[in-house]
Amino acid sequence: MFESLSERLTKIFSNLSRKKNLTEKNITDALNNIKTALLASDVSFQIVRDLIAEVKHACIGQRVLQNIQPGQQVIKIVYDKLVTVLGGELAALSDKRPLNILLVGLHGAGKTTSCAKLAQFLKSAGEQPGLVACDIYRPAAIEQLKILGNQMNVPVFAYDHRDVPTIGQKALKESAEVGCTVLIFDTAGRLQIDLPLIEEVKQLKALIQPEETLLVVDSALGQEAVNVAKTFNDTLQLTGLILTKLDGDAKGGAALSMKRAVDVPIKFAAIGEKLGDFEKFYPDRMASRILGMGDIVSLVEKAQSEIGDAAFDQMANRALGGDFTIEDFLTQLQQMKKLGLAGLAKWLPGVSTFKISDQQEHEWKHIEAIILSMTVQERRNPCLLNSTYRRLRISKGAGLPISEFNRFLKRYQTMKKMFQKIRKTDPSQLQNMLQSFHNGQLLNVKKD
Ligand SMILES: Nc1nc2c(ncn2[C@@H]2O[C@H](COP(=O)(O)OP(=O)(O)OP(=O)(O)O)[C@@H](O)[C@H]2O)c(=O)[nH]1
Ligand SMILES: [Mg+2]
């Protein structure tokens with residue numbers, strides 16, 4: 001199985017950090033590795049070439065000044081480049097009201113679900129969204145949109161009509177009557193070579209004059225993403241992209257390539273099948289994710305809003321500070337339960353080696369019992385657990401066989417390693433994160 005881009009880069013940089021000096025030779029080695037990793041992750045050749053040239057130039061220029069921690073330095077340079085390529089600043093929707101948003105894209109990209117997710121997102125921001133069913137080809141498409149609209153209590157404008165521009169026109173009129181501030185148009189999925197369908201959406205666009213024309217792209221599309229984005233942009237003059245299915249095994253490459261190929265901002269990211277699995281696209285978070293640092297900022301933000309500052313502050317400091325004891329593990333476990341395990345797991349690096357499932361959630365009850373049977377000294381100093389006598393006493397106290405205790409210990413060690421991995425990737429970045437957290441800001445991400 002292929003390693004993900006993040007895993008590859010993490011490995012490359014951890015090798016690099018062990019070298020004492022940053023020389024042209026070891027940068028070249030690292031860059032060759034990065035090049036291979038980026039290509040394997042479906043970033044297009046042209047973009048890889050440019051990126052590597054820029055990074056190399058930046059590294060060698062700073063060699064003498066900062067040769068103490070070369071790995072970190074290269075990570076920072078590559079990270080900055082990725083952020084720039086991915087768009088730099090957060091891209092917002094037009095603030096004109098009423099706002100018309102047209103969603104287009106290939107078959108199965110996630111258009112209909114993204115329409116609904118976007119409506120939900122805007123509704124939470126105080127808007128009054130409406131949905132328009134313009135996919136008259138797939139029999140169940142209108143029904144799918146109606147069901148989603150019902151779930152959110154958002155009006156769906158659907159008509160038994162075979163002419164898409166007429167549907168658009170009727171919806172504009174009726175939505176204005178009921179006071180919608182944003183109208184989102186769901187269109188039929190198309191193969192980009194399907195000329196009649198492209199012509200139809202062009203006509204619809206000419207009629208409704210949307211402020212936003214967003215291309216919905218499956219992030220697993222790989223290299224092909226560049227052609228898709230180019231074709232749609234050439235015919236429909238896109239104002240933004242929505243990347244979907246980022247919760248899957250998507251390679252970061254599609255986002256990078258598309259952004260560079262067409263100069264259109266990525267505005268939103270869909271990260272799951274549920275209506276709430278949708279958020280603004282943060283270039284810097286995506287760059288962290290590609291570089292194997294997990295989406296630490298998202299994790300912090302989510303944790304901050306759901307656990308409360310003080311509790312998270314303590315948790316983050318302990319977990320990432322290196323001294324991760326069993327007592328911390330217990331706190332972590334309890335906090336993770338609060339956050340919702342599945343939701344949290346996708347933000348953490350190393351999830352492929354540390355999968356959290358419903359079954360494990362059940363097993364964690366056993367873990368809790370085991371930890372609660374330990375003395376405080378044992379929780380704080382896990383070395384004490386090398387004693388067979390102690391292990392037997394604890395498992396007996398928890399009412400579980402010794403094998404369960406051994407499994408627990410392994411799991412604790414895995415988690416400890418996971419945090420060590422985050423720390424190794426770029427400790428200075430983590431330090432900043434914790435510092436910003438103290439100050440009420442999170443990295444350089446603007447809160448809106
Ligand atoms: N895991 C995951 N699944 C998604 C995401 N977005 C969409 N899907 C799933 O992808 C499938 C297709 O989604 P739709 O929204 O129907 O796609 P579409 O582009 O409207 O499809 P057509 O109308 O047939 O062209 C559905 O099963 C969705 O649940 C996502 O972000 N993550
Ligand atoms: Mg659809």
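Let me start with helix α5, where ten of the 14 residues are buried, so this helix is largely enclosed by the rest of the structure. Please keep in mind throughout that we are looking at a predicted model. The buried residues of α5 are Lys 111, Thr 112, Thr 113, Ser 114, Cys 115, Ala 116, Lys 117, Leu 118, Ala 119 and Gln 120. The helix covers residues 111-124, and at 1.5 Å a residue it should span 20 Å, which agrees with the 20 Å that separates its end C-alpha atoms. Just after α5 there is a detail of the backbone that you may want to find on the screen, namely Gly 126, which takes a positive phi of about 95°.

Now, what surrounds ligand 1? There are 21 residues around it, and the closest are Gly 110, Thr 112, Thr 113, Gly 189 and Ala 270. Thr 112 and Thr 113 also appear among the buried residues of α5, and it is α5 that gives the most to the shell around ligand 1, with three residues. As for the chemistry of that shell, its residues divide into four nonpolar, ten polar and seven charged.

Let me turn to how the helices are arranged, beginning with the partner of α5. The axes of α5 and helix α6, which covers residues 141-152, come within 10 Å and cross at roughly 20°. Since angles under 35 degrees count as roughly parallel, that makes α5 roughly parallel to α6. The crossing of these two helices, α5 and α6, is right-handed.

There is a second pair to look at, made up of helix α7, residues 164-178, and helix α8, residues 195-208, which pack at an angle of about 25° with their axes 8 Å apart. By the reasoning used for the previous pair, α7 and α8 are therefore roughly parallel to each other, and the crossing of α7 and α8 is right-handed as well.

Staying with α7 for a moment, I would like to point out Ala 171, which is found in that helix. Is Ala 171 buried or exposed? With 25 other C-beta atoms within 10 Å, Ala 171 is buried, the cut-off for that being 20 or more. Its C-alpha atom lies 6.6 Å from that of Val 132, although Ala 171 and Val 132 are 39 residues apart in sequence.

Going back to α6, Lys 146 has its place in that helix, and with 14 C-beta neighbours inside 10 Å it counts as partly exposed. From Lys 146 to Phe 157, eleven residues apart in sequence, the C-alpha to C-alpha distance is 8.6 Å. Asn 153 is found in the loop between α6 and β3, the strand at 156-157, and its phi is near 60°, a positive value in a residue other than glycine. Asn 153 is exposed, with 7 other C-beta atoms within 10 Å.

It is useful to set Lys 245 beside Asn 153. Lys 245 has a positive phi of about 60° although it is not a glycine, and its place is in the loop between β6, residues 240-244, and α10, residues 253-261. Lys 245, however, counts as buried, with 22 C-beta neighbours inside 10 Å, whereas Asn 153 is exposed.

The loop between α4 and β1 deserves a careful look too. Which peptide bond is cis? The bond from Arg 97 to Pro 98 is cis, with omega near -5°, and Pro 98 is found in this loop, between α4 at 70-86 and β1 at 99-105. Ala 92 has its place in the loop between α4 and β1 as well, and with 11 C-beta neighbours inside 10 Å it counts as exposed. Ala 92 and Gly 240 are 148 residues apart in sequence, yet their C-alpha atoms are 9.4 Å apart in space.

Finally, let me take you to helix α16, residues 358-372, where Glu 363 is found. Glu 363 counts as partly exposed, with 15 C-beta neighbours inside 10 Å. The C-alpha atoms of Glu 363 and Phe 408, which are 45 residues apart along the chain, are separated by 9.4 Å.

Methods: Residues are numbered from 1 along each chain as its sequence is written. Chains are lettered from A and ligands numbered from 1 in the order in which they are written. This is a predicted model: local features need pLDDT of at least 70, side-chain atom pairs count only at pLDDT 80 or more; totals for chains, interfaces and linings use all residues. Helices (H or I, at least four residues) and strands (E, at least two) are DSSP runs, numbered from the N terminus. The expected span of a helix is 1.5 Å times one less than its number of residues. A residue is buried if 20 or more other C-beta atoms lie within 10 Å of its own, exposed if 12 or fewer, and partly exposed in between; C-beta atoms are placed from the backbone. A residue is near a molecule or strand if its C-beta atom, placed from the backbone, lies within 6 Å of it. Ala, Val, Leu, Ile, Met, Phe, Trp, Tyr, Cys and Pro count as nonpolar, Asp, Glu, Lys and Arg as charged, and the others, Gly among them, as polar. Axes are lines fitted to C-alpha atoms, for helices over the stretch in contact, and angles run from 0 to 180 degrees between N-to-C directions. Angles under 35 degrees count as roughly parallel, over 145 as roughly antiparallel, 65 to 115 as roughly perpendicular and the rest as oblique. A crossing is left-handed if the near helix is turned anticlockwise from the far one by less than a right angle, and right-handed if clockwise.
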